[in-house]
Structures are given as C-alpha cells and as structure tokens.
Amino acid sequence: MVLDPAANPQLATPLLDALRVEVQYPTVSFYTPGHKRGRGTSDRIAELFGRQIFQSDLPDLPGLSLFAPDGAIAKAQNLAAEAFGADRTWFLVNGSTCGVMAAIVATCAPGDKIILPRNIHQSAIAGLIVSGAHPVFVVPEYDPVVDLTHNVAPETIAEALEQHADAKAVMIVSPTYQGICGDIAAIARQVHNYGIPLLVDEAHGAHFAFHPALPTAALAAGADLAVQSTHKTLSAMTQASMLHLKGSRIDPGRVSQALQLLQSSSPSNLLLASLDAARQQMATQGKALLERTIRLADEARSRIGQIPGLSVLQPKPTKTPGFYALDPTRLTVTVSALGIDGFAADEIFYEQLGVTAELPTLQHLTFIITLGNTAEDSDRLVDAFKHLSDKYRSEGTGKIEGQSLPKFPPSPNSMPVLSPRAAFFSPTETIPISQAIGRISAETICPYPPGIPILLPGEAITEDAIASLQRIVGAGGFVSGCADASLQTLRVISK
C-alpha cells in the first residue's frame, strides 16, 4: 500500500486533521457549545466518555461549515465521492432519514408524482409531506413461503411509468433490511427511458462499493442518487450518513438547498469527522476488511443452517426480478419452525444469552455482520441458536404462522385517497380501532425497526393492516408513530 497521501489522496483525512489542529489551537472559547471544549461537561458523562472527546465537539468554525463547504469539509466530501463512485457527495448528520427526504424534495414539487414501493421507509413518507409530492405506490415481490418482502420488479416499474408518464422520479429500496437487492440496472434503464432520475434508498449498502463479492452498488448500476447510512455497515458514528449523486438528471444545487432546509444548522463535527475516517478506512483497507467479514458471515450461515429447526436465507440459484442478489454479510434466520416467534427469540437472546439481533420479525431474526465483528461473536451467535433449537424443538409447539406485513394493494398504480401532505394538515379525530376500517389514516404507524409503515397519512385503513399491527404488538414487537401506544384507538381524518 502507498503510504504517501500525495501519491494516494485516499490516505488523507482532511476533516479529521483540521479538527486535530483546531483542538490544539491556543484560544479562549466564547462560542458554542456551552461545555467549552469539555471544561464545563457534566462529571457524569465525562466519567463515561472522558473529556477528550468533547474537545473535538466544535461548531462550524472557519473551514468547518457544512453548508458553505470549503477547505477541510469540501476536501473530505470530494474524497468520499471518489471512493464511493459518485460525481458529488454530501455528508449527512441527520442520518439517511434526512437524505431520503432531501432526495424527494430536490426532485419533486408540490403535486408532482413520484413512483415508489409501498414498503418504503417512513422517512420517504416524511419527504412526501414536506415536498407535497403525490406517491404512486408499486408493490414489491413477496415470498409467502418465508414471509419476506423482496424488491420491486423492473416490469412493475415499467407498468407504473406507462400509466404515470408524468412522474418526476422513481425511488426504490435496495438492499432491504434482509440484504435482498433488486435489479437496479434494469430499473434504471426503464426510468431513464422517461428522462427522469432513479433515487435509491441504499441505507444498508454503504459497503457494496468495496468488494467484488458484494452486490453492485446502486450508482455503479445506473442510479442517479443513492443515500447510504455509513454508520450502519461501516465505522462512522450513529446518525452519520452520505448522499451520493451521479450524472446530470438531478440539479446538485437543488440537493444542497434541500439539505440546508432539512439538516441541523449546528452539525456535529464529531459525526462529520467519523465520515471522513470511515471513508479513508474503506478506501485503503476496505477489500481486506470485507474479505474477513464475508468469510465470517459465510461460516456463521453454514453453521446455523445445520442446526435442527432453523433455516437461513440463502442467495437464489437463479436471479429473479425481485431477488437479484443477496448481501452475504446479512444473516436472516427463520425460527418459526421451532414454535417460537422472532420477537420472543429476540428477547431470549438479549436477556438470557447476551446476543442482540438487528431486527426481529414474526418469523425471523436478522443480524448485521460487519468489520467490527469477531470470530468470538460468531461463536456466541451459533451457540445461542443451538440453545434455542435444543429448548424449543423438544417442546414441539408447532410452527408459527402469519405474515409480518399486511397485503399491500395489488394495483401497480395505487395512490392514497389523500396525499400524505394533505392528510397531515387535515382536521383529525380519534376513534376506537374497531371503527377505523375504511377511514383515512392521519398517522404514520410502523414497526420499528425496520420502519416500514403499515398505515400512512392519506391511506384507507384496511382490516388486514389492523390485524398486522395487532399481531406484531401481541407478539411483543414495537410499533411507532401511533398516538395511542396500546392501539386501542387510531387518529383518522375527520369526515
């Protein structure tokens, strides 16, 4: 490896270096934050974190302004664009939530149509409310055998575009929480035939660009914009994400405007510096780190797959439109054949066995394996599944049945009764859940994670949606967005 940043610019960490210089600069602080470089920090938090980290918790001093990037931030974002295969990259301190919202605001005006899957993240619904865009929902592929939603098929996007040729953008989610990727290249071709951009919520795919055994990154497959949670699968701090742009179909000035509208006006330089460091790490060591990560995941997948009563999601032998590739670092295990649901298994893992999953659902547990995991972690995971199998297989309580998400409308051009923005600002009333079927939802209600709304503002409430929510809550799952956490009542649009 070349160690000279002059010969290999990706070795540099301009933002991290700028913070180091600023921390050492002898000055008296009469600016925010109030802890004054850690001197005024609470003793309790200093005991946990130490005071040194607060010395780098600095505001947007000269050269460190996220909204007028020059100097260190501009250099750091340019290096990230090069590393991730973008023409331009923006650092995000409000997570991928902010990036997804900005993507919609930058491409859609009030009343414009945008095509997107019904299993979109709740951040996209927020983007619809802020922008005033009207969603055209398409239905992703679904595998009832394993109760997993896959991706939207290119044919489904093509049909929606044919019926809504006036759409201004298409947004998809790839990969899913379970690491299932769609055929982005084929979808991009369909979308570009109409001269509009393809936006990809790639929150869980920030690592794809750095190893050939991983699915093709969205930008490399033809997407115009991708939002990635650098903190989810790489080493940035929680909330630190990136928005990448490629090509000329989206005005970068509009992206900057949207982000200035949506991002904090006091961005954390700790988060920004962690993005700079994570980029440098992946650009210079990424392939080797991911080689080890993939090997660790493959070994865990093989060992868990041999445990009686369990099955592990595997790549399909033949690519399908909705399941084009699988991220090998994402491990999804079906536990329902043991007669226990994923929520109960997750509780046992956490409280009794010291293992924490990323996502429990009715029938599965999903785990993220990254460069931070070790062989010892993998052993603990395998041992936990052996314990689960030994205990519940012998009790023979029967397979858990049921669908994690409701059946979404089958129409490829499904539009809610009201736009999410119109519903958000409409008068509302609270009614018993038994009276809610057929009424128009005023709430965004979703299990979290993964944050996929079962009800959203402006959409008619169905019996199946209510049954799904009650099933998840009854099994011990967490549902966010509802004013009544007990789900005895729902907030709806007034008649």
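Contact here means heavy atoms within 4.5 Å. Keep that cut-off in mind for the helix packing on this tour. The model is predicted.

**Stop 1: a helix across two sheets**

Select residues 269-305. This is helix α11, which lies across β11 and β13. Its direction makes about 10° with β13. Now add residues 342-352, helix α12. Helix α12 packs on the sheet and touches β14 and β15. The angle between α12 and β15 is about 50°.

Keep α11 selected and show β1 and β10. Helix α11 lies across these strands too. Against β1 it runs at about 135°.

**Stop 2: the four-stranded sheet**

Show the strands β11, β13, β15 and β14. In that order they form an open sheet with antiparallel pairing. Which strands stand at the edges? They are β11 (311-312) and β14 (359-360), and each pairs on one side only.

Zoom in on β11 and on β13, residues 330-334. The two pair in the antiparallel sense over two bridges. Pick Ser311, then look across to β13: Thr334 stands opposite.

**Stop 3: the second largest pocket**

Stay in this region and select Val355, Thr356, Phe367, Ile368 and Asn373. What do they surround? The second largest pocket holds about 360 Å³ of space. It is lined by 15 residues, and the five just selected are the closest to its centre.

Colour the lining by class. Seven of its residues are nonpolar, five are polar and three are charged. Then colour by element of secondary structure. Both β15 (364-368) and α13 (375-395) supply at least two lining residues. Helix α13 gives the largest share, with four residues.

**Stop 4: the seven-stranded sheet**

Move to the other sheet. It is open, has seven strands and shows mixed pairing. Trace it in the order β1-β10-β9-β8-β6-β2-β3. β1 (88-92) and β3 (134-138) stand at the edges with a single partner strand each, so one side of each has no neighbour in the sheet. Look along the sheet to see the twist. Neighbouring strands are turned by 20° against each other on average, direction ignored.

Select residues 225-228 for β9. Strand β9 pairs with β10 in the antiparallel sense, over four bridges. Pick Gln228 and find its bridge partner in β10, Met242.

**Stop 5: the cavities**

Switch on the internal voids. How many cavities of 30 Å³ or more does the whole structure have? The search finds two.

The largest cavity holds about 40 Å³ of space. To frame it, select Pro117, Asn119, Pro140, His150, Asn151, Val152, Ile172 and Val173. Its lining has five nonpolar residues, three polar ones and no charged ones.

The second largest cavity holds about 30 Å³. Its lining is Phe84, Glu202, Ala209, Ala217, Leu219, Ala226, Gln228 and His244. Gln228 was picked at the previous stop as the bridge partner of Met242. By class, this lining has five nonpolar, two polar and one charged residues.

**Stop 6: a salt bridge**

Eleven salt bridges turn up in a search of the whole structure. Select Arg118 and Glu459 for one of them. Their side chains meet at 2.7 Å, N to O. Why pick this pair? Arg118 sits in the loop between β2 (113-117) and α6 (122-131), and Glu459 in the loop between β17 (446-447) and α15 (463-474), so the bridge ties together parts 341 residues apart in sequence.

**Stop 7: backbone details**

Finish with three backbone spots.

- Thr32 and Pro33: a cis peptide bond joins them, with omega about 0°. Pro33 lies in the loop between α1 (14-24) and α2 (43-49).
- Ser174 and Pro175: a cis peptide bond joins this pair, with omega about 5°. Pro175 is found in the loop between β6 (169-173) and β7 (180-181).
- Gln239: phi is positive, about 95°, although this residue is not a glycine. Look for Gln239 in the loop between α9 (230-233) and β10 (241-245).

Definitions and conventions
Residues are numbered from 1 along each chain as its sequence is written. This is a predicted model: local features need pLDDT of at least 70, side-chain atom pairs count only at pLDDT 80 or more; totals for chains, interfaces and linings use all residues. Side-chain values use heavy atoms; hydrogens and water are left out. On a 1 Å grid over the protein atoms alone, a cavity is a set of points where a 1.4 Å probe fits but cannot get out, and a pocket is an open set with protein on both sides within 12 Å along at least five of seven lines; lining residues have an atom within 4 Å of a point. Grid points are joined across faces, edges and corners, and a volume is the space filled by probe spheres set on the points. Ala, Val, Leu, Ile, Met, Phe, Trp, Tyr, Cys and Pro count as nonpolar, Asp, Glu, Lys and Arg as charged, and the others, Gly among them, as polar. Two strands pair if DSSP finds at least two bridges between them. Axes are lines fitted to C-alpha atoms, for helices over the stretch in contact, and angles run from 0 to 180 degrees between N-to-C directions. A salt bridge is a side-chain nitrogen of Lys or Arg within 4 Å of a carboxyl oxygen of Asp or Glu.
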